[in-house]
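Open the model in your viewer and keep the sequence panel beside it. This tour tells you what to select at each stop.

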Amino acid sequence: MKRPFSRRGRALWAAVAALLVGIVLVPAAQAGTPSDKSAHTADSTAASGGSTAGPTADQLRAAMESCGTQLSDGEYAEDEGGTPSIPVCGKNEAVFWQADLDVDCDGRPGDECNENTDPAFQPETACVQSDGEPLNSATLPHIVVPLPSETWDHAASDVNCGTVGAVVYEDEVVYGVIGDKGPDSIIGEASYAMADELGIDPDPATGGVSGKVVGYVTFPGTEVSKNEDHAEATELGEAAATEFVGNGAR
């Protein structure tokens, strides 16, 4: 805050103030800027739950560009009654597919997920929390796999409840577990929370995204100790995804 000066000493104090600003205050402010910026970045990252570990979305997409071995006996459709065109692939110890994203809101009811917001709402999930309760699709990012069929049995590929995976959309990568099972003829579904973190409209009635624009990569044998532990899923997923991308270059 500026101090009031008398008319008599205004010119002198103005000169002194300019000198002090130029010599002392500006360098001090400049010296503090980097640390302040670093602190702000660290605080922002911590607050958002973000992480700089793990491969980028583009790196994961590049690793999924070739199918490797087709694990499914045939292909899946994006939606009921659609044309089957999506294979389940396997390569470098990962199981993956590229599809749309339908929003799964099943599980523990709440403001976002209930029989009023979701016409197809069911109060349970195929996979459960460590206490035996259904997962909370509104708060836990998770992936939905098709029920076993002649086309593909996820368990035969060692993809089960709690198996860690990554979902890729545009520039975003979000990790999560296999948390639910859906119709056996379609593929491309994830929880409300997963859609929300990816920047996709999570509304279970009108949200989601169409087209083969979402990549799903699962890592057989990599499982969380508790299905509801998203932090562990992210940590394990980042390590497995890094290995998958590295192996994909060979």
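The stops below go from the whole chain to single residues and then to empty spaces.

**Stop 1: the whole chain**

Start with a cartoon view. Remember that this is a predicted model. Colour by secondary structure, and look for 4 helices and 8 strands. Now trace the chain from its beginning. The order of elements is α-α-β-β-β-β-β-β-β-α-β-α.

Switch to a surface view next. The chain has 250 residues, and 41% of them count as buried. What share of the contacts with a separation of 6 or more comes from residues 24 or more positions apart? The share is 71%.

**Stop 2: aromatic rings**

Select the aromatic side chains and show them as sticks. The whole structure has 4 aromatic pairs. Zoom in on Trp97 and Tyr216. Their ring centres are 5.6 Å apart, and their planes meet at 15°, so this pair is stacked. Planes under 30 degrees apart count as stacked.

Where do the two partners sit in the chain? Trp97 belongs to strand E3, residues 94-104, and Tyr216 belongs to strand E8, residues 209-223. They are 119 residues apart, so the pair links distant parts of the chain. Trp97 and Tyr216 are both buried.

Now select Phe96, Phe219 and Phe244. Together they make up one aromatic cluster.

**Stop 3: the loop between E4 and E5**

Find strand E4 at 142-146 and strand E5 at 163-169. The loop between them holds three residues to visit: His154, Ser157 and Asp158.

Select His154. Is this residue buried or exposed? Its relative accessibility is 3%, so His154 counts as buried. The cut-off for buried is under 20%. Show what surrounds His154. Leaving out residues up to four places away in sequence, His154 touches Val145, Pro146, Pro148, Val159, Asn160 and Lys181.

Stay with Lys181. The side chains of His154 and Lys181 are joined by a polar contact of 3.5 Å. These two residues are 27 apart along the chain, and their C-alpha atoms are separated by 9.9 Å.

Move to Ser157. Its relative accessible area is 16%, so Ser157 is buried. Which side chain makes a polar contact with the side chain of Ser157? The partner is Trp152, at 2.9 Å. Outside the residues up to four places away in sequence, Ser157 touches Leu71, Val95, Trp152 and Pro220.

Asp158 is the last visit in this loop. Asp158 is partly exposed, with a relative accessible area of 36%. Check its backbone angles too. Asp158 is not a glycine, yet its phi is positive, at about 60°. Most residues other than glycine have a negative phi.

**Stop 4: another positive phi**

Select Glu93. Look for it in the loop between strand E2 (89-91) and E3. Glu93 is not a glycine either, and its phi is positive, at about 65°. How much of Glu93 is accessible? The relative accessible area is 66%, so Glu93 is exposed.

**Stop 5: an enclosed space**

Turn on cavity display if your viewer has it. Rolling a probe the size of a water molecule over the atoms shows where empty space is left. The structure holds 1 cavity of 30 Å³ or more. The largest cavity has a volume of about 50 Å³.

Select its lining: Asp102, Val144, Val145, Pro146, Gly182, Pro183, Ile186, Ile187, Gly188 and Glu189. Which element gives the most to this lining? That is E4, with 3 residues. Colour the lining by class, and you get 6 nonpolar, 2 polar and 2 charged residues.

**Stop 6: an open space**

Finish at the second largest pocket. Its space is about 360 Å³. Its lining has 19 residues. Select the ones that lie nearest the centre: Asp104, Asp106, Ala120, Pro183 and Glu189. The elements that each give two or more residues to this lining are E3 and strand E6 (172-182).

Colour by class again. The pocket lining divides into 8 nonpolar, 3 polar and 8 charged residues. Keep Pro183 and Glu189 selected for a final look. Both belong to the lining of the largest cavity, and both lie among the residues nearest the centre of the second largest pocket.

Conventions:
Residues numbered from 1 in each chain as written. Predicted model: local features only at pLDDT ≥ 70, side-chain atom pairs only at ≥ 80, totals over all residues. Heavy atoms only, no water. Buried < 20%, exposed > 50% of the residue type's maximum accessible area, 1.4 Å probe, protein only. Contact = heavy atoms within 4.5 Å. Polar contact = N/O pair within 3.5 Å; in protein donor to acceptor, adjacent residues only side chain to side chain. Phe/Tyr/Trp six-rings, centres within 6.5 Å; stacked < 30°, edge-to-face > 60°. 1 Å grid on protein atoms, 1.4 Å probe; cavity = no way out; pocket = protein on both sides within 12 Å on 5 of 7 lines; lining within 4 Å. Points joined across faces, edges and corners; volume = space filled by probe spheres on them. Nonpolar A, V, L, I, M, F, W, Y, C, P; charged D, E, K, R; others polar.
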